[in-house]
Amino acid sequence: MTASPRTSAQPTEDAAAFLRVREAMPALAACLSAEDLAAQSMPDCSPGKWHLAHTSWFFEAMILAREPGYLPVDPRFQALFNSYYEALGHRVDRPERGLMTRPSLDEVLAYRREIDRRMVAWLDDGPAGAFERYLFTLGLHHDQQHQELFLMDLLHLMSRSPLDPAAYTAEPRARPVEPSTGGWSRFGGGLVTVGHDVADFAFDNEGPAHRVWLEPYALADDLVTNGDWLGFIADGGYARAELWLADGWSAVKAEGWTAPLYWRDEGSDWTVMTLTGRQPVDRDAPVRHISFYEADAFARWAGNRLPTEAEWEHAVKCRSATPGNAFGEVWQWTSSAYAPYPGFRPTEGTASEYNGKFMANQMVLRGSSFATPVGHQRVSYRNFFYPHQRWAFMGLRLAGDAISAPVRASQEGETARFRRDLIAGLSRSPKTASPKWFYDAEGSRLFEEITRLPEYYPTRQEAALLRRVAPEWAVQFGAEAVLVEFGSGASEKTRIVLDAAPDLAAYVPIDISADALDAAARRIADAYPGLTVSPLVGDFLLLGALPAGIARGRHVGFFPGSTIGNLEPAEAVAFLKAARALLGDESLFILGVDLIKEPEVLIAAYDDSQGVTAAFNRNLLVRANRELGADFDTDAFTHRAVWNADQSRMEMHLEAKRALSVRIAGQAVVFHAGETIHTENSRKFSEDSIRSLAAAAGWRVAAFARSEAPSVALALLVA
Ligand code: SAH
Ligand code: AVI
């Protein structure tokens, strides 16, 4: 930490900054009574009055008392308002802070004012050196930390009252919560730098900056919501030992946990105690007040995991659009133990006790909460709590391993993700389900049957077009190229490319449908003995890395069948961008798309006379019944195929013929007659819309070929 040279304006600026920070806690206390501020609700919490005093004592003990001959405002306060500094001698034990009826609130506020006066005078004289400046800034950040602790402890106190008192009329927060987007982002990982490495202030525990190796990973764009948590509860989340760490399960039983802290089961619904009193649980809001043990169990239930703190920090640092609500909503549990970074040195002197001595048995949380003062957050900030604690404003964001050879996700993990995703989609209005869940073994088989239907023209048209252009385009592949296919299914069209490019060295088919992928990869390996076939199972939106060292040549992406049309527009751009980064600067990409045409042709293709597409659509419900133990009456849902001209897309829906209630994983999902589950979008394109999509993702369109009617197109993209 280096001091910037002092200018004549600086003392005033410092004093103004100091007073701005110091005003905040008295402002939070202004509408509370002396009784509210005196009580202590549990040993982990402190009374508001104590926070007001302790943050003043900190400036006195750490800064003012360093002056030779300093006379304390009241020498008795050292023992009352010292928190945990052994070097500063005897003090009142934390669980006894609520017994301090003296000094009175007025005397504490007077102490605060006197410390402020002395600090402003000290600032007017100018902090002597770099270390004093560091302590001054530390004091400000310490005050801000306690502003949040003040609110956490106050909420706990209010929650212990049968009156459910509202501490405030509106939640004290700087900005509204960001709405969920529902997506995931993938990160390639590698050797990355984490930790504090800039000149601004940071706590000692945030440094030194150092390198960490990250395997490819995926991070949810959103925080886990109360609605998600209700799904966990309904599925027996708090009653199933297999979801919990051993210590977590002991805590569940010892504490009788059945829901997050402050939740109350009101029979048909839940309420939660907040700083504005008891409120209905808002399904869309991020869940709060869960322990590390609960966060970990939830992640396991959801088929995911918690991020490490390095993953969290890297994701926030390396993306231009940071994950939603990374800051300003809830601190997010990570799977990282709170331990020193390599080369960690505590701050010198008394403040050496600030962080370092707590580096055992606690877990790190990242981000910040709605109660964190503006300007106090940092990407490298390491908050920490014991794994059972849950009264802080804490929640979670899920992470997962990005797909990369050779690790294969377990079937249980896939089922857990299907369960969570389906419940979340059916809790929305209108109800939705992701089309990626169509493709269990039966769904993949039904899709193949669709491709042979007279009405479903895209497969036939695209295969014919591919036969026409592949020889010319394959010339550009060069020696030892690798074909990487996204959503490869039965790998039938692949053969056309492989036949046109006999020099291809390797083939990487990627598909979420393990059965279809395994069978297709085996067939291709048998038919093309010289080719290295290296399949990857998983969500192609979360592809982390290609198999290492597979071949020396150019990477050629292959995404046929207009599967890109099943992605949301923003997802499609993000996918093509990520594919470009993964395939590299020399890469090519063959993209197959369906083109806009007469609605009658489109509707017939998605509502065939034999009812195969209807069976494909309904298979989602069949799969939910088999894999999730749901009780959909599949005959009670009609297949609907609708042309949405505004959005240029075919939509598939499953429409409830009558009012009904379905149970999935302990939850009741209610349908009214005529209500639909929107199961798929199949966007249709024009040459212009493909050119803009490619450009938005950083690809150049080198060739664009159109089939005969009913027309589809193939684009050759160049990185
Ligand atoms: N490419 C083939 C198959 C298209 S069907 C063709 O053109 O005929 C769509 C394929 O994509 C299915 O095999 C399905 O399992 C797969 N798929 C769909 N969403 C996926 C996702 N998010 N990640 C990986 N595979 C996916
Ligand atoms: C895989 N995907 C491009 C197909 C499509 O046309 O959107 C899936 C499908 N849905 C109904 N029929 C086929």
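This report describes the domains, nonpolar cores, enclosed spaces and two buried polar residues of a predicted model.

**Domains**

The protein chain is split into four parts: domain 1 (11–159), domain 2 (184–401), domain 3 (418–437 + 611–683) and domain 4 (441–599 + 685–718). Between the C-alpha centres of domain 1 and domain 4 there is a separation of 63 Å.

**Nonpolar cores**

The largest nonpolar core holds 96 residues. Within it, the residues that touch the most other members are Phe 81, Phe 150, Trp 229, Trp 263, Trp 333 and Leu 396. Helix H6 (residues 130–159) provides the largest share of this core, 11 residues. Both domain 1 (11–159) and domain 2 (184–401) contribute at least three residues each to the core. A second core, separate from that one, has 66 residues, including Tyr 456, Ala 605, Ala 630 and Leu 654. As a general point, nonpolar side chains in soluble globular proteins tend to be buried together.

**Cavities and pockets**

The count of cavities of 30 Å³ or more comes to 3. The largest cavity and the second largest pocket are set out below.

| Space | Volume | Lining residues nearest the centre |
|---|---|---|
| Largest cavity | about 80 Å³ | Ser 46, Pro 47, Gly 48, Asp 153 and Leu 154 |
| Second largest pocket | about 890 Å³ | Tyr 84, Arg 94, Leu 149, Phe 384 and Phe 385 |

The lining of the largest cavity consists of 13 residues. Helix H2 (34–38) and H6 each give at least two residues to this lining, and H6 gives the most, with 4 residues.

The second largest pocket has 39 lining residues. Helix H3 (48–62), H6 and E10 each supply at least two of them. The largest share of this pocket's lining, 7 residues, again belongs to H6. Helix H6 therefore appears in three settings: it contributes to the largest nonpolar core, to the lining of the largest cavity and to the lining of the second largest pocket.**Gln 389**

Gln 389 sits in the loop between strand E10 (383–385) and strand E11 (394–395). Is this residue buried or exposed? Gln 389 counts as buried because its relative accessibility is 7%, below the 20% cut-off. The side chain of Gln 389 forms a polar contact of 3.1 Å with the side chain of Asp 44. A polar atom of the Gln 389 side chain also lies 2.9 Å from the backbone nitrogen of Tyr 386. With neighbours within four places in sequence left aside, Gln 389 is in contact with Asp 44, Ile 290, Ser 291, Phe 292, Trp 333 and Met 394. One of these, Trp 333, is also among the residues that touch the most other members of the largest nonpolar core.

**Asp 14**

Asp 14 belongs to helix H1 (residues 10–29). The relative accessible area of Asp 14 is 8%, so Asp 14 is buried. Which side chain makes a polar contact with the side chain of Asp 14? The partner is Arg 133, at 3.1 Å. Asp 14 and Arg 133 are 119 residues apart along the chain, and their C-alpha atoms are separated by 10.0 Å. Not counting residues up to four places away in sequence, Asp 14 touches Leu 123, Arg 133 and Phe 136.

Note on methods. Residues are numbered from 1 along each chain as its sequence is written. Chains are lettered from A and ligands numbered from 1 in the order in which they are written. This is a predicted model: local features need pLDDT of at least 70, side-chain atom pairs count only at pLDDT 80 or more; totals for chains, interfaces and linings use all residues. Side-chain values use heavy atoms; hydrogens and water are left out. Buried means under 20% relative accessible area, exposed over 50%, partly exposed in between (1.4 Å probe, protein chains only). A polar contact is a pair of N or O atoms within 3.5 Å; within protein, one must be able to donate a hydrogen and the other to accept it, and residues adjacent in sequence count only if both atoms are side-chain atoms. Contact means heavy atoms within 4.5 Å. A nonpolar core is a set of buried Ala, Val, Leu, Ile, Met, Phe, Trp, Tyr and Cys residues joined through side-chain atoms within 4.5 Å. Domain bounds come from an automatic or database domain assignment. On a 1 Å grid over the protein atoms alone, a cavity is a set of points where a 1.4 Å probe fits but cannot get out, and a pocket is an open set with protein on both sides within 12 Å along at least five of seven lines; lining residues have an atom within 4 Å of a point. Grid points are joined across faces, edges and corners, and a volume is the space filled by probe spheres set on the points.
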